[in-house]
Amino acid sequence: MIIVMDHRVGDDKIEAVLVRLERLGFQIHLSRGVERTIIGAIGERGHLIGVDLEVMPGVEKVVPILQPYKLASRTFKEEGTVIRVGNLEIGGDTIHVMAGPCAVESREQLLCAAQMVKDAGATILRGGAFKPRTSPYSFHGLEEEGLELLAEAREATGLLIVTEVMDARTLPLVARYTDILQIGARNMQNFFLLREIAKVDKPVVLKRGPSATIEEWLMAAEYIMSGGNYNVILCERGIRSFESYTRNTLDLTSVPVVKYLSHLPVIVDPSHAIGKWRFVPPMAKAALAAGADGLIVEVHPNPVEALCDGPQSLMPEKFAAMMNDLRQVAAVMGRRMP
Ligand code: PEP
Ligand code: MN
């Protein structure tokens, strides 16, 4: 539930409510705004039997949160969350595009991709150093060397970096290098990993699992938030369906739905959703039109030679053309692109 405090109320009244809630066994999340102070209280509703918090001085109203996710819910926080990373804001007026190769393959490949996506207007470089692959015989990434190359590309271009962390064992290593942690679709319900990431002070891109409902996805975000990391960016990347022409089915319905249910920023990954580069630009435009706060797109200097996901990777010039179109869609949506 959330407890809305009268905006004129003094600290002592707020403190009294906090003490009461803690005694009742609730976990507290305090949000002090200019207009009002909101206390989020998470715990067993049964503990409130016979308790009327609304009679306490300074309490304006008590609102139950009916959804199973609480901190991620729009009821808990009405205004959209803006996540600050480096000098960027994700979820604000500006649409940020994260772009780069599926996997970091070599210095030459990464630095070339980084420069090209930067020139086209991307602000964040993507690239996997630890790759979750369907086959154990596929390329699994350069690991720490890949992270070093990402850091070098950041140094060279000024782009921020986002890269996937696959397990708790390598989390401290990945967190040391990256600006934004990515949780892959296959790990969306790796609750142990979610709890570990909750303790890290870095924003997280949380991809939707290929078979996850919207509620399960928001519950995964709740794991991270309830552990203390509120900087979660949700990423729609397509779900399993009966259709086999495309790699997955891009569920753009989830964008307005999640933005209605949650205050968290939502980005879209058309590359993994569709699996074929040709269809990435139209769906990227559609994603912005649906209200997405950003995109994550695979771009490779030479997709034919890519060690991973070549068929869905855009050539740099196609990416640049797409970015020009996206600027127009962003403007229609009342957003801007850098
Ligand atoms: C990726 O972004 O490289 C990736 C593996 O994506 P997903 O987890 O959505 O499959
Ligand atoms: Mn990929």
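In this predicted model, strand 12 (residues 232–236) and strand 13 (residues 266–268) run parallel and are joined by 3 bridges. Leu234 has Val266 in strand 13 as its bridge partner. Both strands belong to a closed barrel of 8 strands, in the order 7-8-9-10-11-12-13-14 with parallel pairing. Let's walk through the barrel, the metal site, one helix and a second sheet.

**How to read the model**

- Residues are numbered from 1 along each chain as its sequence is written, while chains are lettered from A and ligands numbered from 1 in the order in which they are written.
- Local features need pLDDT of at least 70, side-chain atom pairs count only at pLDDT 80 or more, and totals for chains, interfaces and linings use all residues; side-chain values use heavy atoms, with hydrogens and water left out.
- Helices (H or I, at least four residues) and strands (E, at least two) are DSSP runs numbered from the N terminus, and two strands pair if DSSP finds at least two bridges between them.

**The barrel**

- Neighbouring strands here are turned by 25° against each other on average, direction ignored; axes are lines fitted to C-alpha atoms, for helices over the stretch in contact, and angles run from 0 to 180 degrees between N-to-C directions.
- Helix 6 (residues 214–226) packs on this sheet, touching strand 10 (180–183), strand 11 (204–207) and strand 12, where contact means heavy atoms within 4.5 Å.
- The direction of helix 6 makes about 160° with that of strand 12.

**The manganese site**

- Cys102 (SG), His272 (NE2), Glu298 (OE) and Asp309 (OD) are the protein donors of the manganese ion (ligand 2), at 2.0 to 2.4 Å from it.
- Donors are N, O and S atoms within 2.8 Å of the metal (3.2 Å for Na, K and Ca); water is not among the atoms, so sites may look incomplete.
- Along the chain, the donors follow the spacing C-x169-H-x25-E-x10-D.
- Cys102 sits in the loop between strand 7 and helix 2, and Asp309 in the loop between strand 14 and helix 10, 207 residues apart.
- Cys102 is buried, with a relative accessible area of 1%, and Asp309 is buried at 16%; buried means under 20% relative accessible area, exposed over 50% and partly exposed in between (1.4 Å probe, protein chains only).

**Helix 10**

- The 17 residues of helix 10 (residues 316–332) should span 24 Å at 1.5 Å a residue, and the end C-alpha atoms are 25 Å apart, which agrees; the expected span is 1.5 Å times one less than the number of residues.
- Pro316, Phe319, Met322, Met323, Leu326, Val329 and Ala330 are buried in helix 10.
- These residues lie on the same side of helix 10 because they cover an arc of only 125° around the axis, taken from the directions from the helix axis to the C-beta atoms.
- Their cover includes strand 7 (96–100), helix 2 (107–120), helix 9 (280–289) and strand 14 (294–298).
- The face turned away from the buried side carries the exposed residues Glu317, Gln328, Ala331 and Val332.

**The open sheet**

- A further 4 strands form an open sheet in the order 2-3-1-4, with antiparallel pairing.
- Strand 2 (27–32) and strand 4 (59–63) are the edge strands, each pairing on one side only.
- A hairpin of 4 residues joins strand 2 to strand 3, and Gln27 stands opposite Ile42 in strand 3.
- Strand 1 (residues 2–5) pairs with strand 4 over 4 bridges, with Met5 opposite Val59.
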